[in-house]
Amino acid sequence: WVNKLLFGGRIYTSFNFEDHAPLKCFRMPGVRKIRPGDVVCFNYPLGYDKWTEIEFKINYVYCKRVVGTPGDSIGIKDGINWNSNYAGTIGVLENQHAVRNTPDSILWRERFMMTMPFTRSHTFLNNYYFALGDNSLESNDSRYWGFIPEDFIIGIVGGRRVKNNPNQTIR
């Protein structure tokens, strides 16, 4: 389940769902901020297949684990996620080791994305989030489509931090 009130519920200012118009909303005050390691439910950030604009479709929803939040510096080194403001493991470490141990001939795209300058280290200046799937080898996540604007976040899955348990893998 998704706790929409913990981070602050979204209130829509327009309800035009038919004309593919970008939806506008504002967020109510929440109980706490999103933290690294939280699994969030959000609207996919590319909207109506426009690569020049970030919009969301109301019913196109993903769930991923947050690695980077506003003010954090993050990176992926040897397949392992890190965050300058978080000392613990973010995600399923066993799956991240699998990325590190996969030959380049099989994993060329993931290795390329992980060695691009912005993934070595990036500091968040705006209210954008970087989220990765726990199934590192097969996840369609922020490594491919970029950052998630705060307005696109629906809520925190489970309403509490999801333990790094392989039985709770988020793709």
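**A buried arginine, an open sheet and three spaces**

The backbone oxygen of Ser136 lies 3.0 Å from a polar atom of the side chain of Arg143. That is a good place to enter this predicted model. Arg143 also reaches Asp141: a polar contact of 2.9 Å joins the two side chains. Arg143 belongs to helix α4, which covers residues 142-145. Is Arg143 buried or exposed? Its relative accessible area is 4%. Buried means under 20%, so Arg143 counts as buried.

Next come the enclosed spaces. Rolling a probe the size of a water molecule over the atoms shows where empty space is left. Two cavities of 30 Å³ or more turn up in the structure. The largest cavity has a volume of about 60 Å³. Its lining takes in 11 residues. Arg143 and Ser136 are among those nearest its centre, along with Gly79, Asn81 and Leu132. By class, the lining of this cavity splits into four nonpolar, five polar and two charged residues.

The second largest cavity has a volume of about 40 Å³. Ser136, Asn81 and Leu132 appear in its lining too. The other lining residues are Arg65, Val67, Gly91, Val92, Gln96, Gly133 and Asp134. Here the classes are three nonpolar, five polar and two charged.

Now turn to the open space. The largest pocket holds about 210 Å³. Which residues line it? One run in the lining is Gly30, Val31, Arg32, Lys33 and Ile34. Phe7 and Arg27 line the pocket as well, as do Thr69 and Pro70. Asn127, Tyr129 and Glu150 complete the list. Five of the lining residues are nonpolar, three are polar and four are charged.

Last, the sheet. Strands of a sheet pair through backbone hydrogen bonds, either parallel or antiparallel. In this model, six strands form an open sheet, and the pairing is antiparallel. Follow the strands across in the order β1-β11-β4-β5-β9-β10. The edges are β1 (2-3) and β10 (148-149). Each has a single partner strand, so one side of each is left without a neighbour in the sheet.

What does β1 pair with? Its partner is β11, residues 153-157, and two antiparallel bridges link the two strands. Val2 has its bridge partner in β11 at Val157.

Key: Residues numbered from 1 in each chain as written. Predicted model: local features only at pLDDT ≥ 70, side-chain atom pairs only at ≥ 80, totals over all residues. Heavy atoms only, no water. Pairing = 2+ DSSP bridges. Helix = DSSP H or I, 4+ residues; strand = E, 2+ residues; numbered from the N terminus. 1 Å grid on protein atoms, 1.4 Å probe; cavity = no way out; pocket = protein on both sides within 12 Å on 5 of 7 lines; lining within 4 Å. Points joined across faces, edges and corners; volume = space filled by probe spheres on them. Nonpolar A, V, L, I, M, F, W, Y, C, P; charged D, E, K, R; others polar. Buried < 20%, exposed > 50% of the residue type's maximum accessible area, 1.4 Å probe, protein only. Polar contact = N/O pair within 3.5 Å; in protein donor to acceptor, adjacent residues only side chain to side chain.
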